[in-house]
Amino acid sequence: MAQQLPQPIGIKPIEIDSFSVYLRWSIPNSHGLSTEQLTKLSFEFKTTDNRLNTECVLEEPIHEYKARLSGLAADTRYRIMVRSKLRGSGDQVLTSKWSNRIEFETKPAEFVMITDDKELSMASLRHRLKGVTDENRKLKLRIEQLESELTDQSVKHDTPAHWKWDYAKITKWITRIQDGAFKVHEDKLLHNLKEEGITGKDLSMVNELNLKSWGIVNFTHRKILMRYLEKLTADDPKEDIAIEYNADIAKEIDVSSPPAPSQIAAVPEDEEVDAKAEEEERQRANDEKQADVEDAKPSSETAETLKTEEEPAKEEKKAEERQRANDEKQDDANKSKQADVEDAKPSSETAETLKTEEEPAKEEKKASEKAQEETKQAENVFDYKLSQSVEQLLESAKEKPKSWKYKDGMLSVNVIKASNVDNLDESDGAGGASDPYCELVLKGNYKAETTQIIWDNANPEWNEKFQLFVDNAKDDVLKITLYDHDRFKWDEKVGQVQIPIITILGANGYVKKEYPVVGSKTGCKLQLEMKYW
């Protein structure tokens, strides 16, 4: 059911002169409007014969309103009605019922002839004062506009769109990755992200240990999600956390005696658990790397080890001979040990010994190639590599040309600039221009996104980036409407650009071009950069 706006009541003419009337009215206390809606509320006036029609906007959220209605004819009876207006989403406009009719009559026009010098001087000063007052009012409005523009630029300039995300929006983005592969973690993510106060601005600092503490314990899932996070935050400005070192703290520490137990601060249990988990994770990674080093480390016994893998009986015999040499220190054992050492040395005798073995020459060649490969791996042992199965899973997570998921996607939009924007502020003079801004609407997104207002510019440049959620890329259409902002009346629509999301997928997921603004009378164009993923 559509919202019913409050009908203006208590309309009274306070002051009436020859060409204007000063009116006062109010709305019921039980109006049911929010503060934001009251700020946007306007009022429309018209005469009963429909000869005059105008409206006014009062930006203060109050219950009693005053305004002067000018441009009336002298010595004329008027019958006027008033109603409330409120602009909704899109082009929707809500209105109330017309108020009861009020009647008043303007005063006859008076022509006054001033001949006294003092009166003439006073009249001239009053006229000049009125001009200065009007100019002062315009300058104040301009200062407010410039301050507002400066504030918007300081907040929005070069700020990534995902910095505005809260924990709920971050969770929604994560659960859409890989066709909902992370949906099982949704409850844990919502709880942990909210508890830690994570926002979109923190995503560039996230590592795998953080993901594990959030509930994503699966190794492959953490690797995939880190790839997406790195891609999302690739253009984030880097912010260094400045920590000032205080040398006086070290001077106050008495190292001659250990601190008393009462002076040792208790570490919270949850911090101990987190520190222990981090230490175990680091130890596990070091153990894996050390194991890889030992496995890949080349030695003089490589050829012998390869032979023993194929001839376990012979190796067992040599082991017994070495044991006897250590225990009994017999000459025969020493000879056997010397023979083993000579077998391990890279010499011509080694080649002769290998030839006498039953191992075919082909197997020897393969063993040599394998040893060389292990040597290469040992040289790069500190380059951490994933297993082949994990690499295949990660490779499948990469974007492939012309292979898209149509539901629950993401669309990055960069509104770059517009050219030749229609001048809808012609009342400001021939040298003026519109105050343009863009509104982005997409079905799957939470709300409409807007760029900042560029004041008095026919060729505005925004370079503002937005991250939008897409419900279904086959059906959804991105609508970007170009408006001219007006401070004291409704913003005027310049035109609109409509882009089916499927056309971006047809261009391999990336488009950067100028689009004609439909509805523009001056050939206005809007330059956009869009990427689907």
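**Helix α3 and a four-stranded sheet**

In this predicted model, the buried residues of helix α3 are covered by several elements, including the helices α4 (186–196) and α6 (219–232). Strands also contribute to that cover, among them β9 (407–419), β11 (449–450) and β12 (461–472).

Look at α3 itself. The helix spans residues 167–176 and is mostly covered. Of its 10 residues, 7 are buried. Lys169, Ile170 and Thr171 belong to the buried set. So do Trp173, Ile174, Thr175 and Arg176. After α3 comes Gln178, with a positive phi near 55°.

Now follow β11. This strand helps to cover α3, and it also belongs to an open sheet of 4 strands. The order is β11-β10-β13-β14, and the pairing is antiparallel. β11 and β14 (492–500) are the edge strands, each pairing on one side only.

Walk across the sheet from β11. Strand β10 (residues 436–441) runs antiparallel to β11, and 2 bridges join them. Here Glu439 has Thr450 in β11 as its bridge partner.

Next comes the pairing of β10 with β13. It is antiparallel and extends over 6 bridges. Tyr437 has its bridge partner in β13, namely Tyr483. Strand β13 covers residues 477–484 and is mostly covered, with 6 of its 8 residues buried.

The last step leads to β14. β13 and β14 pair in the antiparallel sense over 8 bridges. Thr481 has Gln496 of β14 as its bridge partner. In a regular strand, side chains alternate between the two faces of the sheet.

Note on methods:
Residues numbered from 1 in each chain as written. Predicted model: local features only at pLDDT ≥ 70, side-chain atom pairs only at ≥ 80, totals over all residues. Heavy atoms only, no water. Buried < 20%, exposed > 50% of the residue type's maximum accessible area, 1.4 Å probe, protein only. Contact = heavy atoms within 4.5 Å. Pairing = 2+ DSSP bridges.
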